[in-house]
Amino acid sequence: MKHVALEQLQERAADPGAALDPAALIGNWVNTNLSPSLIRRIQLHPGQNSLVMRVVGAKPGLPEDWGATDAQIFAENAGSGLASACSASFDLGGIESLLQGYVVKGVLVVVSFTRGKDGRERSSSFGKEFFYRVP
Amino acid sequence: MQTEDGVRELETSTIVRSWVNTNPSSQGIASVRLRSVGGMLRVTIQGAAQGSPINWGEVAVEAFYAENAASRRVIAFVARYNFGFLETLVEGNVNSGLLVLAAFHTFRDGSRRANYFAREFFREVSQ
């Protein structure tokens, strides 16, 4: 079996065509910080192929509603059927934000990679925020 | 060091280093090396193996990021490996002297493997 790390020698017992179970990710998530730097809320819900992520932003100068986009989901290892992480990219009109999220002990940790695409004098930035699930 | 579009000078010494996994028994990524070549960043990764590590080769860093929009100190990067049977998106950030590396693996070979995510920690070693 082709691999570039030992951990890739695991296989799923399930049908390879079976989708990952996204239950750990699905829901409405609110930032644990009452004064968030980038994201106020995240919604993850099932889409046609994977998950759809909708973001409510908190950063001045960026839209409050980032809209919704498809999020790719990932298991915690190659042999698992449970999704525990996701990745999505938002185009905010001149600003691109790549979001990577993973669930640890019920907390959604979101790492953000944000950069301007318009050539203005502005540095790219990196951030990490924490979210709890609400009904 | 400049961004891809060359708009601004950034300081990359925080991440341009050699890093080894804090877990010597890791089955994922064994080591990471970042270097600056001609003003651009490049990364080399070694995957864990039973004998010698598996060299993933060196690729250009797609993008690098400062700690905030006002800072010029680069603390994070994104790079992508395409192995044919597997695509891996790697994102790293330095926190308290540790390189935290997240790898998002997407299999393209139709095998019974799930696309998976792994997060590992690396300490600095001499170049």
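B:G38 takes a positive phi near 60° in the hairpin of β2(B) and β3(B). Two residues lie between the strands of that hairpin. The model is predicted, so this angle is a computed value from predicted coordinates.

**Strands of chain B**

The two strands flanking the turn pair in the antiparallel sense. β2 of chain B covers residues 29–37, and β3 of chain B covers residues 40–47. Eight bridges hold the register between them. Within that register, B:S31 has B:Q46 of β3(B) as its bridge partner.

β3(B) also pairs with β4 of chain B, residues 54–66. This pairing is antiparallel too, with six bridges. B:R42 has its bridge partner in β4(B), namely B:A60. The hairpin that joins β3(B) to β4(B) runs through six residues.

**Strands of chain A**

β1 of chain A, residues 27–31, pairs with β2 of chain A, residues 39–46. The two strands run antiparallel and are joined by four bridges. β1(A) is also joined to β8(A), again antiparallel, by four bridges. A:N28 takes part in both pairings: A:Q43 is its bridge partner in β2(A), and A:V134 stands opposite A:N28 in β8(A).

The pairings are set out below.

| Strand pair | Sense | Bridges |
|---|---|---|
| β2(B) and β3(B) | antiparallel | eight |
| β3(B) and β4(B) | antiparallel | six |
| β1(A) and β2(A) | antiparallel | four |
| β1(A) and β8(A) | antiparallel | four |

**Where the chains meet**

Contacts between the chains involve 36 residues of chain A and 43 residues of chain B. Five strands of chain A each supply at least two residues of the side that touches chain B. They are β4 (65–75), β5 (83–91), β6 (95–104), β7 (107–116) and β8 (125–134). β8(A) thus appears twice in this account: as a contributor to the side that touches chain B, and as a partner of β1(A). By class, the side of chain A that touches chain B has 15 nonpolar residues, 13 polar and eight charged.

**Confidence**

The model scores ipTM 0.88 and pTM 0.90. Chain B averages a pLDDT of 91, and 93% of the residues score at least 70. Residues 2–7 of chain B fall below 50. Beyond near neighbours in sequence, that stretch has ten contacts in the model. Where pLDDT is low, the predicted coordinates should not be read in detail.

Terms used:
Residues are numbered from 1 along each chain as its sequence is written. Chains are lettered from A and ligands numbered from 1 in the order in which they are written. This is a predicted model: local features need pLDDT of at least 70, side-chain atom pairs count only at pLDDT 80 or more; totals for chains, interfaces and linings use all residues. pLDDT is the predictor's confidence in each residue, from 0 to 100. Two residues are in contact if their C-beta atoms, placed from the backbone, lie within 7 Å. Ala, Val, Leu, Ile, Met, Phe, Trp, Tyr, Cys and Pro count as nonpolar, Asp, Glu, Lys and Arg as charged, and the others, Gly among them, as polar. Two strands pair if DSSP finds at least two bridges between them.
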